Amino acid sequence: MKNWLVIVILAVAQFVMVLDSTVMNVSISQVASDLDTTITGMQAAITFYTLTMAAFMLTGGKLGDKWGRSRAFKIGSVVYGIGSLLTGLSPNLTMLLFGWSLVEGLGAILVIPAIAALAAINYTGKARVAAFSILGAVTGLAAAAGPLIGGWVTTYASWRYVFFAETIVMIVVLIFSGRIKDVPNEPKLKIDILSVILSAGGMALLVFGVLQSKTWGWFVPLALPEINGVEIPAPLGVSLVTYLIILGILVLWWFLRRQQKLEAAGKVPLLKVSLLTIPALRGGLAGFLVQYFAIAALFFVVPVYLQTILGYDALETGLKILPLSAGLIIASVVGSWLTSRRSAKYIARAGQATMAVGMLFVLIAIGPELSGWQFPTGMFVIGAGFGLLASQLGNVNMNAVSKDDTSEVGGLQGTFQNLGSSFGTAIVGSVFIMLLSSGFTAAVQSNATIDPTVHEQVTAYIEENGVPIISQADAEQIVLDAGGSDEVAAAVAQDYADSQVQALQQALFIVFGLLALSLMLSRNLPAEVVAKPEEAEEEPATPRT
């Protein structure tokens, strides 16, 4: 491969993009404590971060076409660096939502599509395959290193230093980014504002609805939302979550119809819907969606369980996840080596099946302490499956279209990746939190030995404060504070501990089921093996002046 500097710059930027969210997940309890917020608040921040990227990624791709991919990459790097700095300085959840979820997210929507497009522009033939394999491997490495980096820095210093370091790294990336070649931009390109609103609005309604399901209920109302102390009724006795999800789907359908009309009229759509008729691209994007759904869900519920319920610190959490990191790195390398020996379809299906098997091991291992050989084995196998997928899907998507559509596909890739992450954190996280909360309530209500006065006090506490994610010891203390005896408090706490294990099993079973079904989504991936002979490489595009 010629011109290694370009792929190094792009790989470093890719590393930072992926590292960011994994660090936040593994440090979740400490961040929540420092910002005086809750795990539910952190779930919202993580979800809105990925939602910002999913909602505006297509717009970021179009801005890359309009400004030039290299210029978009530079602007995005500046915005991302500022967001990282604001995140590191955050005194509360509101500033974290602004600096991390919004500003960093908006920087990422420019950087991520540009990385994919610039890799396709600067390399051709076998070098392009190698470039995307490197980016896939770096994605895996960042996902693997994130828990350890975040855990070590958070435990021995502060999670804030990770974000300060990201600011410095993005400055270095910006300095060397002038060496990246680009193709001419399209300054007269018009971006349809209504399409941007419909795309962002539809996804926001959908994800926000799912996120609130743990509080408002999926269909039957669990609680009514309030605005300035005024309760919003549930129309026809149906939870507002149902209406938000239906409305989100309708808005996204309107968005797709508008894109079809714009494309048919010869205008520039935000999303070229005709691209979705390409079978290989559909398969690759579906793979991204499921892959990141699974990893985001796992990286949310497992750290929450380990830290909040079992009392692990950030470093111990990172070490517990370490087998996944090891499997991911090894399989990324193996997947890249297999590219010229097996088809993308073969390798991707092997990755999906491997992730499903790994999740099954994790489900079997779930217990009060997550101990035994099954848990580390399962995490290693999940990481291996992720690594195999990461080594293939980016190259499949880019090779499915012409060079003119690489920026569009880069935006689509980022959209599906982050939409999968949003849904993984929102759906599985909400199910997990809802089951934990209901588990404590059920433990109190089912214990016949509780004095009626104590029962009333605990019930009043739950109604007033809700049920935060708590440890077995915290549950016992709540009952003691309400006047319960040591025996009753211990019995309620043990019932709650049993429900914690069930909640984790039920939440992760959703991921296992989706991974098993994902094998059907990969049937359209290319069944041909990438040519093994050396290919003559074309010169990269001439730099813009």
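**Entry 1: L236**

I began with L236, which is exposed, having a relative accessible area of 82%. The model I consulted is a predicted one. I located L236 in the loop between β2 (230-231) and α10 (240-264). I then checked the backbone and noted that phi of L236 is positive, near 60 degrees, although the residue is not a glycine.

**Entry 2: D36**

I looked up D36 next and recorded a positive phi of about 55 degrees, again in a residue that is not a glycine. D36 belongs to the loop between α2 (28-34) and α3 (39-67). I entered D36 as exposed because its relative accessible area, 73%, lies over the 50% cut-off.

**Entry 3: the patch with V172**

I turned to the surface and asked which residues make the nonpolar patch of about 500 Å². I found I168, I171, V172, I175 and F176 there. Of these I followed V172, which sits in helix α7 (residues 160-176). V172 has a relative accessible area of 40%, and I therefore listed V172 as partly exposed.

**Entry 4: helices α13 and α14**

I closed with a helix pair. Two packed helices are described by the angle between their axes and by the distance between the axes. For helix α13 (residues 344-365) packed on helix α14 (residues 374-390), I noted an angle of about 160 degrees and axes 7 Å apart. Are α13 and α14 roughly parallel or roughly antiparallel? I recorded α13 and α14 as roughly antiparallel, because angles over 145 degrees count as such. I also noted the handedness: the crossing in which α13 passes α14 is left-handed.

How values were computed
Residues are numbered from 1 along each chain as its sequence is written. This is a predicted model: local features need pLDDT of at least 70, side-chain atom pairs count only at pLDDT 80 or more; totals for chains, interfaces and linings use all residues. Side-chain values use heavy atoms; hydrogens and water are left out. Patches are made of residues with over 30% relative accessible area and no salt bridge: like charges are joined within 9 Å, nonpolar side chains (Val, Leu, Ile, Met, Phe, Trp, Tyr) within 5 Å. Accessible areas come from the Shrake-Rupley method with a 1.4 Å probe; for residues, only the protein chains shown count as cover. A salt bridge is a side-chain nitrogen of Lys or Arg within 4 Å of a carboxyl oxygen of Asp or Glu. Helices (H or I, at least four residues) and strands (E, at least two) are DSSP runs, numbered from the N terminus. Buried means under 20% relative accessible area, exposed over 50%, partly exposed in between (1.4 Å probe, protein chains only). Axes are lines fitted to C-alpha atoms, for helices over the stretch in contact, and angles run from 0 to 180 degrees between N-to-C directions. Angles under 35 degrees count as roughly parallel, over 145 as roughly antiparallel, 65 to 115 as roughly perpendicular and the rest as oblique. A crossing is left-handed if the near helix is turned anticlockwise from the far one by less than a right angle, and right-handed if clockwise.
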